[in-house]
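Open the model in your viewer and keep the selection tool ready. The tour goes stop by stop.

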Amino acid sequence: MTSQAIRDPLADHLITPQNAAFLFIDYQPEQLATVRSMDHDALVRNAASTVRTVKAFGVPVVHSTVNVASGQTQPTLPELAELLTEDPPLDRTTVNSWEDIEFVQAVHATGRRKLVLCALWTEVCMAFVALDALREGYEVYPVVDAIGGTSAEAHRAALERVVQAGAQPISWVSLACELQRDWARVETVPAIVDIVLADRLLQE
């Protein structure tokens with residue numbers, strides 16, 4: 001069997017390491033504590049696997065927190081922050097990250113038009129950013145099993161809202177496989193096998 005030639009990684013309609021950026025918003029203790037749409041440990045594991053995946057492929061990251069500088073909230077969860085040491089958070093006061101000047105500048109600076117999005121909560125920090133980014137012509141991919149809302153209904157309604165606006169939901173495993181695409185691309189195979197299979201799916 002022979003693989004096709006690698007498609008243009010910038011023009012590809014699927015997500016590639018060259019055409020996507022990753023937005024990681026408000027994975028802080030206070031936000032996690034109020035998630036009711038899925039198990040907290042599973043959510044954090046899925047978020048960590050998502051971060052590890054995008055880092056393995058060199059996808060640019062925009063990392064944001066809310067109200068840490070004011071002392072009102074705690075920083076990014078330590079187990080996630082340690083994966084993002086090269087991507088210090090942009091702290092803000094706005095509920096909607098897209099209404100923070102530095103955040104939007106950082107997204108624009110990536111030069112990428114596909115935005116893989118993880119944010120807590122689904123119905124607020126994910127939905128508002130997704131709707132604004134879609135309005136500006138970005139493609140938005142919420143990672144559905146690495147985000148959470150204040151209830152199952154709120155999570156589901158927020159996903160329906162952004163899908164109606166044009167967002168394309170994905171899972172963290174589908175993201176990993178979409179970025180890898182071909183096992184003949186051997187440079188990233190060990191990392192992806194470790195992230196997806198050895199550390200997760202074969203252990204659960």
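Does T122 count as buried or exposed? Select T122 and check. The model is predicted, and in it T122 has 0% relative accessibility, so T122 counts as buried.

**Stop 1: T122 and its surroundings**

T122 belongs to helix α5. Now add H155 to the selection. The side chains of T122 and H155 make a polar contact at 2.8 Å. Leave out residues up to four places away in sequence, and T122 touches A127, I147, G148, G149, H155, A158 and L159.

**Stop 2: the α5/α6 pair**

Widen the view to helix α5, residues 122–135, and helix α6, residues 152–165. What angle do α5 and α6 pack at? The angle is about 0°, and the axes are 9 Å apart. That makes α5 roughly parallel to α6, because angles under 35 degrees count as roughly parallel.

Show the side chains in the contact. From α5, select T122, E123, M126, A127, F128, A130, L131 and L134. From α6, select A154, H155, A158, L159, R161, V162 and A165. Color them by type: the contact of α5 with α6 has 11 nonpolar, two polar and two charged residues.

**Stop 3: the sheet**

Hide the helices and show the strands. Five strands form an open sheet in the order β3-β2-β1-β4-β5, with parallel pairing. Which strands are at the edges? They are β3 and β5 (139–142), and each pairs on one side only. Look along the sheet: the twist averages 25° from one strand to the next.

**Stop 4: strand β1**

Select residues 20–25, which are strand β1. Six of the six residues of β1 are buried, so β1 is largely enclosed by the rest of the structure. Turn on the side chains. A20, F22 and F24 point one way from β1. A21, L23 and I25 point the other way.

Next, add strand β4, residues 114–119. β1 and β4 pair in the parallel sense over six bridges. For one of them, pick A20: its bridge partner in β4 is K114.

Then add β2. Four bridges join β1 to β2, and these strands run parallel. Two pairs are worth picking out. F22 has V61 as its bridge partner in β2. F24 has H63 as its bridge partner in β2.

**Stop 5: strand β2**

Center on strand β2, residues 61–66. How many of its residues are buried? Six of six are, and β2 is mostly covered. Follow the side chains again. V61, H63 and T65 point one way from β2, while V62, S64 and V66 point the other way. Both sets are buried.

Now bring in strand β3, residues 90–92. Three bridges join β2 to β3, and the two run parallel. Pick T65 in β2: D91 in β3 stands opposite T65.

**Stop 6: S97**

Finish in the loop between β3 and α4 (101–110), where S97 is found. S97 has 0% relative accessibility, so S97 counts as buried. Draw a distance from the C-alpha atom of S97 to that of S64: the separation is 7.8 Å, with the two residues 33 residues apart along the chain.

Which residues does S97 touch, not counting residues up to four places away in sequence? Select I25, S64, R92, F103, V104 and V129. Two of these names have come up at earlier stops: I25 belongs with the side chains of β1, and S64 with those of β2.

Notes: Residues numbered from 1 in each chain as written. Predicted model: local features only at pLDDT ≥ 70, side-chain atom pairs only at ≥ 80, totals over all residues. Heavy atoms only, no water. Axes fitted to C-alpha atoms, helices over the stretch in contact; angles between N-to-C directions. Parallel < 35°, antiparallel > 145°, perpendicular 65-115°, else oblique. Contact = heavy atoms within 4.5 Å. Nonpolar A, V, L, I, M, F, W, Y, C, P; charged D, E, K, R; others polar. Buried < 20%, exposed > 50% of the residue type's maximum accessible area, 1.4 Å probe, protein only. Pairing = 2+ DSSP bridges. Polar contact = N/O pair within 3.5 Å; in protein donor to acceptor, adjacent residues only side chain to side chain.
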